[in-house]
Amino acid sequence: GEIPSFARDHSLKSGSKIGIYEILSPIGAGGMGEVYRARDTKLNRDVALKVLPEAFASNPERMGRFQREAQVLASLNHPNIAAIYGLEESGPTRALAMELVDGKSLDEIVASRRSSPMSSDEALPIARQIAEALEYAHDRGIIHRDLKPANIKITPEGAVKVLDFGLAKALDTTISGSSPSGGIYDSPLQNSPTLTALATQAGVIIGTAGYMSPEQARGKTVDRRTDVWAFGCVLYEMLTGQRIFEGETVTDVLAAVVRADPDWNALPASTPGSIRNLVRRCLIRDPRQRLQAIGEARILIEDTMAGVAVDAAPTQAAAPPPKASPLQRAVPWGLGIVVGAVVATLVTLALATGVFKKSVPRAGEMRFDIRLPDGNQLAGPAFSHSVAVSPNGRMIAFVASDSKRVKTLWVRSLDAATAQRLDNTDGANWPFWSPDSQSIAYFT
């Protein structure tokens with residue numbers, strides 16, 4: 001086939017060598033360097049060789065920082081993460097040797113399915129493996145920063161490989177200086193989505209605009225929750241066949257990331273409610289309210305695939321909730337708590353003064369034991385978090401956790417010997433009864 005235009009006049013022709021690696025053919029190019037298929041002449045294996053931009057490689061300070069970052073990235077050893085083998089140099093040329101992954105990129109697969117997007121059954125196994133890769137790296141303090149379909153490959157066997165893990169940070173421009181204590185610090189400029197390579201003044205996008213988290217797009221400090229956002233974008237794209245944030249220019253895309261509401265109606269009606277909710281939680285703009293750990297996404301996906309968390313019937317996409325300030329969001333909860341406290345107080349006073357003497361029979365003293373189901377124990381940091389007696393004094397609700405630490409809500413009538421488990425109450429805390437003792441609510 002035709003050689004990509006970036007490589008036609010490039011010095012790295014077939015047969016060229018960088019250290020122990022012999023160039024075979026170009027693979028592609030991006031803001032972080034050109035990539036070639038190369039042959040490891042010592043181990044007789046093909047690798048992907050990412051040649052770093054010349055302006056970057058000629059800067060000793062940046063190369064030193066990159067080498068330190070590359071050493072950390074090389075420590076990642078997970079079946080869903082493409083491995084880094086080493087850093088090679090030949091004269092002024094520097095290149096990163098990485099695992100060569102055969103197969104198609106998720107970007108190519110989604111593009112070929114625009115008119116017929118993946119079903120949940122197709123998308124969820126891929127999403128689970130992506131989540132596993134992110135979870136493994138996050139547990140080791142490493143975030144991707146540039147997760148997107150183009151950086152995800154699917155092998156012919158269906159295995160997922162996440163590429164370029166952490167390279168956005170490793171190749172980032174650093175503005176260094178002395179702190180008041182005499183140490184070295186990194187300017188907040190390094191977190192900006194658009195950085196300028198100091199040697200060439202050429203714009204370099206650190207991260208890809210359509211998959212950046214709002215905090216990343218605003219140039220703020222990022223953490224693992226920025227990968228959670230990008231994961232939500234990727235999952236949305238797999239299910240809908242369309243990018244969640246688009247625009248004619250990078251500025252338009254970034255503006256959409258920061259302000260535009262996703263088209264939730266684009267999610268197919270057949271999407272399980274648990275997955276629809278997961279995408280929403282991943283794409284909450286405030287990182288404090290966003291899904292906090294990608295491991296939670298993995299668990300939910302696994303449960304959905306196993307049929308544990310799938311809705312009984314598919315539901316239409318709900319309209320996005322109206323925007324509200326933190327104060328507006330807090331007011332309903334605050335009012336609910338105040339009203340609840342007032343009602344509870346009035347009911348208590350009424351009972352104490354005999355207002356309900358005619359409608360509520362006087363109960364005698366009763367003593368009883370809570371015998372938990374086999375293999376369960378009372379859950380919660382305090383008794384008040386786990387147990388609630390109904391207002392009529394006839395039933396008790398409690399939260400118990402099983403051997404797998406899954407918390408569920410149980411109810412027992414005080415004249416019965418055993419308790420009954422309430423379905424679909426996983427993760428329950430703080431149970432409380434309605435005043436008429438007919439309903440139970442809880443937090444999760």
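## A tour from helix H10 outward

Start by selecting the buried residues of H10: Gly273, Ser274, Ile275, Arg276, Leu278, Val279, Arg280 and Cys282. The model on screen is a predicted one. Helix H10 spans residues 273–282, and eight of its 10 residues are buried, so the helix is largely enclosed by the rest of the structure.

Next, bring up what surrounds the helix. Which helices do the buried residues of H10 pack against? Show helix H5 (120–139), helix H8 (224–240) and helix H11 (294–305); the buried residues of H10 pack against these.

Stay with H5 and select Arg128 and Glu132. These two form a salt bridge, with the closest N and O atoms 2.9 Å apart. Both belong to helix H5 and lie four residues apart, which means that about one helical turn separates them. Buried, partly exposed or exposed? Glu132 has a relative accessible area of 21% and is partly exposed. Arg128 is also partly exposed, at 22% relative accessibility. Since buried means under 20% relative accessible area, neither Glu132 nor Arg128 counts as buried.

Move on to Asp286 and Arg288. Their side chains meet in a salt bridge, at 3.0 Å from N to O. Colour by accessibility and Arg288 should stand out as exposed, with a relative accessibility of 60%.

Now select Arg37, Arg39, Asp46 and Asp102 together. Salt bridges with shared partners join these four residues into one network.

Then select Asp40 and Arg45. A salt bridge links their side chains, with an N to O distance of 3.7 Å. The partners are covered to unlike degrees: Asp40 is buried at 2% relative accessibility, whereas Arg45 is partly exposed at 30%. In general, side chains of opposite charge can pair when their charged atoms come close.

How many salt bridges are there by this rule? The count comes to 20.

Finish by zooming out to the whole protein. In cartoon view there are 13 helices and 20 strands to find. Of the 444 residues, 43% are buried. Switch to a surface view: the accessible surface comes to about 24,000 Å², and carbon and sulfur atoms hold 53% of that area. For a contact map, consider the contacts between residues at least 6 apart in sequence; 56% of these join residues at least 24 apart.

Technical notes:
Residues numbered from 1 in each chain as written. Predicted model: local features only at pLDDT ≥ 70, side-chain atom pairs only at ≥ 80, totals over all residues. Heavy atoms only, no water. Buried < 20%, exposed > 50% of the residue type's maximum accessible area, 1.4 Å probe, protein only. Helix = DSSP H or I, 4+ residues; strand = E, 2+ residues; numbered from the N terminus. Contact = heavy atoms within 4.5 Å. Areas by Shrake-Rupley, 256 points an atom, 1.4 Å probe, with all protein chains shown as cover.
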